[in-house]
Amino acid sequence: IKINNMDAENREDSIYFARLSEQGERYEDMIKYMKKVAKFGQELSNDERNLLSVAYKNSVKTRRDAWRTIQAIRNKEELKQTKYLPLITHYKEKIEKELRDICNDVLDLLESDLLKNSENPEAKVFFLKMKGDYYRYLGEFMENDEKKKVIDKAQDSYQQAQNEAEKLKTTHPIRLGLALNYSVFYYEILNQPDVACKLAKNAFDAAI
């Protein structure tokens, strides 16, 4: 281990530093180390998949929350035609750029390494669901043709995950998590609450 720059020379070191980063709630550092783990070309264990997911999820969550807050303020200030509207818009765009960067980073990693190195159905469903999730996050703020493109990709990813999930038990937590997130996609992004409820209900009924 190179102590001077806290770099990790091998897979084991990278995992250790990822856990250390998680304890310190330094999720950007955690992403860096888990990307190194992914680049070693081995299939990730369940624990390692969760570490990777936690890193990206927490990093993107703060920005999604910030975007919603700033968007709500912008909508309110727009009605008042405040002089600060350009400043608010600029700040919102700054957050959107950070969201794009994080989402595209994980989507590139999923495509180039994670899905390619996953053989068991559990890992494939996990990463395909993750792919759908991050395209969904992009769809929350993108507009027009860009929005349509990422929504289509999210739909495709969730559907692939759904097909692969048929190989898992109906009570498997990853399969149930997929059904929940897919239903959120229908409800929040496609504005189809009936389909969302049906999807969630079918998964719940099958599990019991």
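## Packing of α5 and α6

The crossing of helices α5 and α6 is left-handed, in a model that is predicted. Helix α5 covers residues 121-139 and helix α6 covers residues 144-165, and the two pack at an angle of about 160° with their axes 8 Å apart. Because angles over 145 degrees count as roughly antiparallel, α5 and α6 are therefore described as roughly antiparallel to each other.

On the α5 side, the contact is made by Pro121, Lys124, Val125, Leu128, Lys129, Lys131, Gly132, Asp133, Tyr135, Arg136, Leu138 and Gly139. Helix α6 contributes Lys147, Val150, Lys153, Ala154, Ser157, Tyr158, Gln160, Ala161, Glu164 and Ala165 to this contact. Sorted by character, the residues of the contact of α5 with α6 comprise 10 nonpolar, 4 polar and 8 charged.

## Packing of α1 and α2

A second helix pair is formed by α1, residues 11-23, and α2, residues 27-39, whose axes come within 8 Å and cross at roughly 160°. That angle makes α1 roughly antiparallel to α2, and the crossing of α1 and α2 is left-handed.

From α1, the residues that make the contact are Arg11, Ser14, Ile15, Phe17, Ala18, Ser21 and Glu22, and from α2 they are Tyr27, Asp29, Met30, Tyr33, Met34, Lys36 and Val37. The residues of the contact of α1 with α2 divide into 8 nonpolar, 2 polar and 4 charged.

## The chain as a whole

The secondary structure of the chain consists of 8 helices and 0 strands, so that the pattern read along the sequence is α-α-α-α-α-α-α-α. The C-alpha trace spans about 55 × 55 × 30 Å along its principal axes.

Of the 208 residues in the chain, 44% count as buried, while the accessible surface comes to about 11900 Å², with 51% of that area belonging to carbon and sulfur atoms. When contacts between residues at least 6 apart in sequence are considered, 65% of them join residues at least 24 apart.

## Loop residues with positive phi

Glutamine 81, which is not a glycine, has a positive phi value near 55°. This residue is placed in the loop between α3, residues 46-80, and α4, residues 85-114. With a relative accessibility of 61%, glutamine 81 counts as exposed, because the exposed class begins over 50%.

Asparagine 191 likewise has a positive phi, of about 55°, although it is not a glycine. The loop that holds asparagine 191 lies between α7, residues 173-189, and α8, residues 193-207. The relative accessibility of asparagine 191 is 59%, and this residue therefore counts as exposed.

## Aspartate 156 in α6

Aspartate 156 belongs to helix α6, the helix that packs against α5 with axes 8 Å apart. The relative accessible area of aspartate 156 is 44%, which means that this residue is partly exposed, since the class lies between the limits of 20% and 50%.

Computed along the sequence, aspartate 156 and lysine 35 are separated by 121 residues, and their C-alpha atoms lie 24 Å apart in space.

Technical notes:
Residues are numbered from 1 along each chain as its sequence is written. This is a predicted model: local features need pLDDT of at least 70, side-chain atom pairs count only at pLDDT 80 or more; totals for chains, interfaces and linings use all residues. Side-chain values use heavy atoms; hydrogens and water are left out. Axes are lines fitted to C-alpha atoms, for helices over the stretch in contact, and angles run from 0 to 180 degrees between N-to-C directions. Helices (H or I, at least four residues) and strands (E, at least two) are DSSP runs, numbered from the N terminus. Angles under 35 degrees count as roughly parallel, over 145 as roughly antiparallel, 65 to 115 as roughly perpendicular and the rest as oblique. A crossing is left-handed if the near helix is turned anticlockwise from the far one by less than a right angle, and right-handed if clockwise. Contact means heavy atoms within 4.5 Å. Ala, Val, Leu, Ile, Met, Phe, Trp, Tyr, Cys and Pro count as nonpolar, Asp, Glu, Lys and Arg as charged, and the others, Gly among them, as polar. Buried means under 20% relative accessible area, exposed over 50%, partly exposed in between (1.4 Å probe, protein chains only). Accessible areas come from the Shrake-Rupley method with a 1.4 Å probe; for residues, only the protein chains shown count as cover.
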